[in-house]
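Q: I would like a close look at a single part of this protein. Could you walk me through it step by step?
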Amino acid sequence: MRVFFKEIVFSTSSRFEIVDLTSQVERVVRESGVRNGVCVVHAPHATAAIVLNEHETGLLHDIIRFIKELFRPGGDWRHNIIDDNAHAHLASAVIGSTRIIPVRDGELVRGTWQNVLFIEMDGPRSYRRVVVEVMGE
Ligand code: ZN
């Protein structure tokens, strides 16, 4: 079995932001040479999340609005006493920071409206990274 590993490094420019990583993840899959297996996309951060969904401007705004409504930035969370980002930790914990996508015939198996989206919830950050690990043969 082949295991191929790569990091995508980037920065974010506002507190909430969605970064589309689809083409970069697909590039890693191609580079890996893996034809059939799985691709793990993992954000090693406690205040960000990874989702698979449509890159449509209105929907990207809706996702951020929904996260704000659900996790209430500035709410009376205990973690806000020491670090004003409890909403981002809660959203990351609930949404998840890892996704697994099948790889078949050298391509990610994803729906037309499933892009790989990184959700920044405690930006801006000069250093964010996403680990892409492709395993298979
Ligand atoms: Zn914190």
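Which residue follows α1, and what is the sign of its phi?

A: Happy to take you there! Bear in mind that this is a predicted model. The residue that follows α1 is glycine 33, and its phi is positive, near 75°.

Now step back into the helix itself. Helix α1 covers residues 22-32, and its buried residues include Thr22, Val25 and Val28, along with Val29 and Ser32. These buried residues sit on the same side of α1, because the arc they cover around the axis is only 125°.

Glutamate 26 also belongs to helix α1. With a relative accessible area of 22%, glutamate 26 is partly exposed, since buried would mean under 20%. Its side chain takes part in a salt bridge with arginine 110, where the closest N and O atoms are 3.1 Å apart. This pair links distant parts of the chain: glutamate 26 is in the helix, while arginine 110 is in the loop between β6 (107-108) and β7 (115-120), 84 residues apart. Arginine 110 is partly exposed too, at 30% relative accessibility.

For another link of this kind, look at arginine 129 and glutamate 7, whose side chains meet in a salt bridge at 2.6 Å, N to O. Arginine 129 lies in strand β8 and glutamate 7 in strand β1, so this pair ties together parts that are 122 residues apart in sequence. By contrast with these partly exposed partners, glutamate 120 and arginine 128 are both buried, and they form a salt bridge with closest N and O atoms 2.8 Å apart.

Terms used. Residues are numbered from 1 along each chain as its sequence is written. This is a predicted model: local features need pLDDT of at least 70, side-chain atom pairs count only at pLDDT 80 or more; totals for chains, interfaces and linings use all residues. Side-chain values use heavy atoms; hydrogens and water are left out. Buried means under 20% relative accessible area, exposed over 50%, partly exposed in between (1.4 Å probe, protein chains only). Helices (H or I, at least four residues) and strands (E, at least two) are DSSP runs, numbered from the N terminus. The arc is that of the directions from the helix axis to the C-beta atoms. A salt bridge is a side-chain nitrogen of Lys or Arg within 4 Å of a carboxyl oxygen of Asp or Glu.
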